[in-house]
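Welcome! Below are some exercises for you to try, each with a worked solution. Have a look at the structure, then take them one at a time.

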Amino acid sequence: MTLTENQSLIDWVNEIAARTKPDQVVWIDGTNEQLETLRTIGCSTGELYKLDETLHPGCFLHRTAQNDVARVEGRTFICCKNEKDAGPTNNWMAPDEMYKKLYALYEGAMKGRTMYVIPYSMGVIGSPFAKYGIEITDSIYVVLSMAIMTRVGKSVLDALGQSIDYIKGVHSLAQLNEQERYIAHFPEDNTIMSVNSGYGGNVLLGKKCFALRIASYLGKNEGWMAEHMLILGIQNPKGEVRYLSAAFPSACGKTNLAMLIPPEGYQKKGWKVWCVGDDIAWIRIGEDGRLWAMNPEYGFFGVAPGTNARSNPNALAATTKGTIFTNVVHDLDNNTVWWEGLSDTPPQNALDWTGKPWNASMGVKGAHPNSRFTAPAKNCPCISPEFEAPQGVPLSAIVFGGRRAKTAPLVYQSRNWIHGVFVGSIMASETTAAATGAVGVVRRDPMAMLPFCGYNMGDYWQHWLDMGDKIENKPKIFNVNWFRTDEDGHFIWPGFGDNLRVLEWIMRRCFDEVDARETEIGFLPYPEDINLEDLTISKDTLAGLLAVDRPLWQKEVDSISEFYQIFGDTLPDALKAELHTLKRNLGQE
Ligand code: OXD
Ligand code: MN
């Protein structure tokens with residue numbers, strides 16, 4: 001049954017159905033009754049396994065195809081008219097060429113299947129800041145995951161009314177053919193098309209495709225920002241809550257920071273951290289001249305391995321009900337799930353992520369390293385009371401960071417907004433041995449947006465600079481690095497909950513409550529201003545973490561210059577000037 005009288009929407013759905021030729025078309029109304037029917041069908045086809053209702057109420061296990069376990073950056077395209085608008089860091093194809101290719105792949109792709117039409121909202125339905133999307137898919141897993149990750153159903157159609165202001169998304173599993181897998185974005189047409197994949201990051205089109213790639217393009221044109229950032233609130237003993245957003249490349253602990261549990265001493269004094277979002281922030285200038293950030297999502301799509309009661313008890317708690325687990329170990333004795341790092345007691349009688357009998361003595365991992373949980377945000381014990389605030393929360397600070405064994409200090413503050421944009425643009429992370437085999441290879445990932453910016457990264461930096469001109473009460477911009485190592489390769493800073501000690505200094509800087517020393521790279525804390533109570537780390541060690549290593553920074557400057565070169569004339573002059581200032585400060589010019 002069609003749930004809307006929006007003729008443009010009906011016409012488009014009919015057009016896609018005529019191409020893909022499903023057996024039937026089902027509109028998702030958002031009722032639990034309908035979702036329950038789909039869960040039952042999903043279990044009957046083997047797409048889902050129902051887990052133990054007592055241990056994991058409303059939870060399911062799903063497995064992707066073995067050739068389909070991660071985002072495919074090499075097959076992700078920005079299809080705008082001019083290649084230059086996609087920039088040097090995106091794959092580009094002319095829209096006509098890509099449409100032709102995709103329409104051929106979609107031809108009859110849903111034969112024998114049901115086509116689902118999912119109306120969804122990024123942000124609170126009805127809020128002036130929400131944006132709506134329609135995802136067409138032939139996967140029940142996608143429908144059920146979208147119903148966790150976004151707000152779905154008839155109320156979205158009601159809010160949309162006759163408007164044509166929605167993002168069109170088409171997804172088909174087709175044959176899951178790797179050679180013909182495409183994740184294509186048409187920013188100038190408000191359209192996303194995905195084919196031959198069933199992995200979340202490629203097919204839950206509200207997330208990376210809409211809320212980052214398409215939304216970053218919309219934000220540039222409409223004067224706001226879509227960022228790959230967590231949002232959190234820090235409540236101090238006086239009961240004041242101050243907010244920050246933070247961007248880190250993957251594998252730097254974004255979800256863990258978003259759900260941080262304060263050290264015991266801090267808890268006793270009344271400190272608390274509230275999670276507003278763990279992955280995406282839509283940021284606008286409020287009437288008060290401050291930046292306001294909202295989380296457009298409704299759930300968490302987190303990496304399972306390594307998540308445990310110590311590293312992130314809040315994330316673990318979020319997965320206890322209404323969650324879909326993908327590519328984890330199936331514990332057959334308890335009909336529950338397990339992954340590396342969850343506990344020291346792997347199940348004896350289990351299936352690995354591919355569905356084959358497995359136990360730890362086999363010496364191979366049971367869960368895929370990129371196995372995931374899709375969990376409702378509202379399950380999270382520290383979810384912010386402002387999670388549903390339509391306008392979001394006011395930002396006092398923006399934090400960038402990466403994984404750097406040596407170069408970057410524990411924390412530093414940019415001199416001003418423009419310098420802060422520079423600091424974001426030079427963000428980098430070093431690869432770990434586990435990921436690539438080559439330790440310490442520096443990968444630049446500006447603002448953690450390299451795979452997610454829907455247009456030319458040079459223009460994106462210019463947009464950041466332009467926003468700075470318009471924001472009256474600018475948040476302060478910082479850089480953090482939790483990952484400095486000693487001679488033996490051990491992490492020096494304890495990380496996890498103790499990162500609050502650094503966030504506390506950041507907030508004190510934002511409210512002019514603490515001094516700092518100006519250095520070549522920006523403002524650094526005086527060691528005595530970072531609270532080390534209850535830690536074994538000495539003040540000297542901390543001083544080392546807060547030192548600027550000139551020779552390393554001189555090398556860094558060479559690497560930044562090389563990176564900047566690929567942007568040619570789209571590199572904003574203001575960033576060139578910042579690079580010169582850094583060189584001069586380091587005595588290189
Ligand atoms: C994610 C990612 O899944 O950044 O959030 O890859
Ligand atoms: Mn992410």
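**Exercise 1.** In which loop is Leu173 found?

Solution. Keep in mind that this is a predicted model. Step one: Leu173 sits in the loop between β9 and β10. Step two: this residue has a relative accessibility of 19%, and since buried means under 20%, Leu173 counts as buried. Step three: compare sequence with space. Leu173 and Leu218 are 45 residues apart in sequence, and their C-alpha atoms are 28 Å apart in space.

**Exercise 2.** Find the loops that hold Ala174 and Asp534, and decide whether each residue is buried or exposed.

Solution. Start with Ala174, which has a positive phi of about 45 degrees although it is not a glycine. Ala174 belongs to the loop between β9 (166-172) and β10 (182-186). With a relative accessible area of 5%, Ala174 is buried. Now turn to Asp534: its phi is positive too, at about 70 degrees, and it is not a glycine either. Asp534 lies in the loop between β31 (523-524) and α16 (539-545). Here the relative accessible area is 64%, so Asp534 is exposed.

**Exercise 3.** Identify the residues that coordinate the manganese ion (ligand 2) and work out their spacing along the chain.

Solution. First, list the donors: Lys208 (NZ), His228 (NE2) and Asp279 (OD) coordinate the manganese ion (ligand 2) at 2.1 to 2.2 Å. Second, read them along the chain, where the donors of this ion follow the spacing K-x19-H-x50-D. Third, place two of them: Lys208 is in helix α8 and His228 is in the loop between β12 (225-227) and β13 (230-235), so this pair ties together parts that are 20 residues apart in sequence. Finally, check the accessibility. Lys208 is buried, with a relative accessible area of 7%, and His228 counts as buried at 6% relative accessibility.

**Exercise 4.** Classify the ring pairs Phe210 with Trp282 and Tyr455 with Tyr460.

Solution. A search of the whole structure finds 23 aromatic pairs. For Phe210 and Trp282, the ring centres are 6.0 Å apart and the planes are at 50 degrees, so this pair is tilted. Phe210 belongs to helix α8 (residues 206-222) and Trp282 to strand β16 (residues 281-285), so the pair ties together parts that are 72 residues apart in sequence. Both Phe210 and Trp282 are buried. Next come Tyr455 and Tyr460: their ring centres are 6.2 Å apart with planes at 70 degrees, so they form an edge-to-face pair. These two tyrosines, Tyr455 and Tyr460, are buried as well.

As an extra step, look for a group of rings: Phe422, Trp461, Phe563, Tyr564 and Phe567 form one aromatic cluster. Then look for charges over rings. Lys50 lies over the face of Phe60, 5.3 Å from the ring centre, and Arg310 lies over the face of Phe496, 5.0 Å from the ring centre.

**Exercise 5.** Check the span of helix α14, then look at how it starts and which of its residues are buried.

Solution. Helix α14 (residues 457-470) has 14 residues, and at 1.5 Å a residue it should span 20 Å. The end C-alpha atoms are 20 Å apart, which agrees. At the start of α14, a side-chain oxygen of Asn456 comes within 2.8 Å of the backbone nitrogen of Gly458. Among the buried residues of α14 are Tyr460, Trp461, His463 and Trp464.

For practice, repeat this with α12. At its start, a side-chain oxygen of Asn416 is within 3.2 Å of the backbone nitrogen of Ile418. Helix α12 (residues 417-425) is mostly covered, as 8 of its 9 residues are buried; these include Trp417, His419 and Phe422.

**Exercise 6.** How many disulfides does the count come to?

Solution. A disulfide needs two cysteine sulfur atoms within 2.5 Å. Test Cys79: the closest cysteine sulfur, in Cys80, is 7.7 Å from its own sulfur, too far for a bond. Test Cys382: its closest cysteine sulfur is in Cys380, at 3.7 Å, and this is also too far for a bond. The count comes to 0 disulfides. To finish, Cys79 counts as buried at 1% relative accessibility, and Cys382 is buried with a relative accessible area of 3%.

Definitions and conventions:
Residues are numbered from 1 along each chain as its sequence is written. Chains are lettered from A and ligands numbered from 1 in the order in which they are written. This is a predicted model: local features need pLDDT of at least 70, side-chain atom pairs count only at pLDDT 80 or more; totals for chains, interfaces and linings use all residues. Side-chain values use heavy atoms; hydrogens and water are left out. Rings of Phe, Tyr and Trp (its six-membered ring) pair if their centres lie within 6.5 Å; planes under 30 degrees apart count as stacked, over 60 as edge-to-face and the rest as tilted. Helices (H or I, at least four residues) and strands (E, at least two) are DSSP runs, numbered from the N terminus. Buried means under 20% relative accessible area, exposed over 50%, partly exposed in between (1.4 Å probe, protein chains only). A charge sits over a ring if NZ of Lys or CZ of Arg is within 6 Å of the ring centre and within 35 degrees of the ring normal. Donors are N, O and S atoms within 2.8 Å of the metal (3.2 Å for Na, K and Ca); water is not among the atoms, so sites may look incomplete. The expected span of a helix is 1.5 Å times one less than its number of residues. A polar contact is a pair of N or O atoms within 3.5 Å; within protein, one must be able to donate a hydrogen and the other to accept it, and residues adjacent in sequence count only if both atoms are side-chain atoms.
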